[in-house]
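Trainee: Got a minute to go through a structure with me? I'd like to talk about side-chain contacts.
Mentor: Sure, put it up.

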Amino acid sequence: MAAGGGTHTAIRVSGTTQYPAGLTSNYNVLYATGTDGVIGEFNSLLYTTLPQWRTATGEDMISISADPKFINPAGTAATVDLHLQTATSTVCEGKGLTCLPVTLHYDGPTRSSLTPVDIGAHAGPFDNPLLPLLH
């Protein structure tokens with residue numbers, strides 16, 4: 001079990017039947033590591049694989065389950081860095097949708113205008129290492 005007796009869960013939502021009212025979930029990278037890592041919890045049940053999650057919820061049909069390759073996801077509060085590594089290492093590259101009017105990253109900088117966009121809260125020109133990351 002995870003520290004404290006729980007699981008490492010990528011997503012947890014309420015509901016009891018497929019297509020829960022008010023939920024739209026797609027274009028996500030759902031990833032949980034460790035012995036007790038699970039994709040999701042729904043209707044008090046745990047789902048260890050993305051296909052199981054899709055069947056149970058009817059959601060995340062275009063989502064993927066893979067390590068997004070954050071720069072430092074396990075850092076301390078001072079050193080954690082959830083920006084993406086380069087395109088050669090991240091499954092997020094080019095897998096998202098343009099979400100107008102979302103023009104800023106979650107931590108403030110302007111989102112990259114490149115298309116296709118990357119999944120997640122950060123997008124950048126990862127396919128050209130000579131260009132600076134737009135974070």
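Trainee: Is Tyr47 buried or exposed?
Mentor: Tyr47 is at 14% relative accessibility, and the cut-off for buried is under 20%, so Tyr47 counts as buried. Keep in mind that this is a predicted model.

Trainee: OK. Which residue does Tyr47 form an aromatic pair with?
Mentor: Before that, the total: the count comes to 2 aromatic pairs. One of them joins Phe42 and Trp53, with ring centres 6.3 Å apart and planes at 80°. Angles over 60 degrees count as edge-to-face, so that is what the Phe42 and Trp53 pair is.

Trainee: Where do Phe42 and Trp53 sit in the chain?
Mentor: Phe42 is in strand β2, residues 37-42, and Trp53 is in helix α1, residues 50-57. They are 11 residues apart, and the pair links distant parts of the chain.

Trainee: And my Tyr47 question?
Mentor: Tyr47 pairs with Trp53. The centres are 6.2 Å apart, the planes are at 70°, and the pair is edge-to-face.

Trainee: Which residues do the ring pairs link into a cluster?
Mentor: Phe42, Tyr47 and Trp53.

Trainee: What about the accessibility of Phe42 and Trp53, buried or exposed?
Mentor: Phe42 has 3% relative accessibility, so Phe42 counts as buried. Trp53 has 1% and is buried by the cut-off too.

Trainee: Changing topic. How many salt bridges does a search of the whole structure find?
Mentor: It finds 2. One is between Arg12 and Glu41, where the closest N and O atoms are 2.8 Å apart.

Trainee: Which strands do Arg12 and Glu41 lie in?
Mentor: Arg12 lies in strand β1, residues 8-13, and Glu41 in strand β2. The two are 29 residues apart in sequence, so the salt bridge ties those parts together.

Trainee: Arg12 first, then: buried or exposed?
Mentor: Exposed, because its relative accessibility is 55% and the cut-off is over 50%. Glu41, at 21%, counts as partly exposed.

Trainee: Which side chains meet in a salt bridge at 3.8 Å, N to O?
Mentor: Those of Asp67 and Lys69. The limit for a salt bridge is within 4 Å, so 3.8 Å qualifies.

Trainee: How do Asp67 and Lys69 count on accessibility, buried or exposed?
Mentor: Neither label applies. Asp67 is at 29% relative accessibility and counts as partly exposed. Lys69, at 32%, counts as partly exposed as well.

Conventions:
Residues are numbered from 1 along each chain as its sequence is written. Side-chain values use heavy atoms; hydrogens and water are left out. Rings of Phe, Tyr and Trp (its six-membered ring) pair if their centres lie within 6.5 Å; planes under 30 degrees apart count as stacked, over 60 as edge-to-face and the rest as tilted. Helices (H or I, at least four residues) and strands (E, at least two) are DSSP runs, numbered from the N terminus. Buried means under 20% relative accessible area, exposed over 50%, partly exposed in between (1.4 Å probe, protein chains only).
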